Amino acid sequence: DGLFTDDELAGVRERIDALIADPDARPEGVGVGREGDTKAETKGTGDVRGASFLVRFVPFFQDFARTPKLLEYARGVLGAGRIKVFRDQALFKPPRGQAKPLHQDQSYFRVEPEDNLVTAWIALDEATLDNGCMTYVPGSHRHGIFPIGHDPERPVHHVPDTGDLDLPEAVPCPVSAGSVIFHHGCTLHASADNHTDT
């Protein structure tokens, strides 16, 4: 909780706000996703939903990814001395933005060995039940990567097939701005619709 202060996140927020305000002026190599990208017929439309490869192409974000206290926690979770960024994403939930359904990061990324991927999800704003905070299925990482199907309405989403497993209900995890949630790459997680105007 509260790993980063508002002052430490000010530069991140400033750059993210600028990217959302003018996505066409993004740095070379940085990808931008939009709210409509989950359906073929609306691809490229709607509010900015996310950005990728900021760490790879923007020195400011490279430095942020090397924040000592962030690396200290990541090393503790992984039990490893050396940490590498596999993939970076900045994910946004625009006003009234859509949910991200239950999924595993490893179903997309397939890092080997399977247990060597941890996500550090950093809240730039308060994440609440109203604006679509993260939810997690406790213990789901112990079952490895589930077979996947695709959502017929939004084919970009991987739909995990958990078979006959009796998994616990997903637990919502509201957090304050500056908090970091670390989760295993095989942990089932989701985020709900944003029911707010921010």
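**Entry 1: the core.** I began with the largest nonpolar core (buried Ala, Val, Leu, Ile, Met, Phe, Trp, Tyr and Cys residues joined through side-chain atoms within 4.5 Å), which has 19 residues. Those with the most contacts inside it are Phe-4, Ile-16, Leu-19, Ala-51, Leu-54, Phe-61 and Phe-92. Two or more residues each come from helix H1 (6–21), strand E2 (48–52), helix H2 (54–57) and helix H3 (59–65). Helices (H or I, at least four residues) and strands (E, at least two) are DSSP runs, numbered from the N terminus. H1 gives the most, with 4 residues.

**A note on the model.** This is a predicted model, where local features need pLDDT of at least 70, side-chain atom pairs count only at pLDDT 80 or more, and totals for chains, interfaces and linings use all residues. Residues are numbered from 1 along each chain as its sequence is written, and side-chain values use heavy atoms, with hydrogens and water left out.

**Entry 2: Phe-61 and Phe-60.** Is Phe-61 buried or exposed? I found Phe-61 buried, at 9% relative accessible area (buried is under 20%, exposed over 50%, partly exposed in between; 1.4 Å probe, protein chains only). Leaving out residues up to four places away in sequence, Phe-61 touches Val-12, Arg-15, Ile-16, Leu-54 and Val-55 (contact means heavy atoms within 4.5 Å). Phe-60 is partly exposed at 26%. Arg-15 lies over the face of Phe-60, 3.7 Å from the ring centre (the rule asks for NZ of Lys or CZ of Arg within 6 Å of the ring centre and within 35 degrees of the ring normal).
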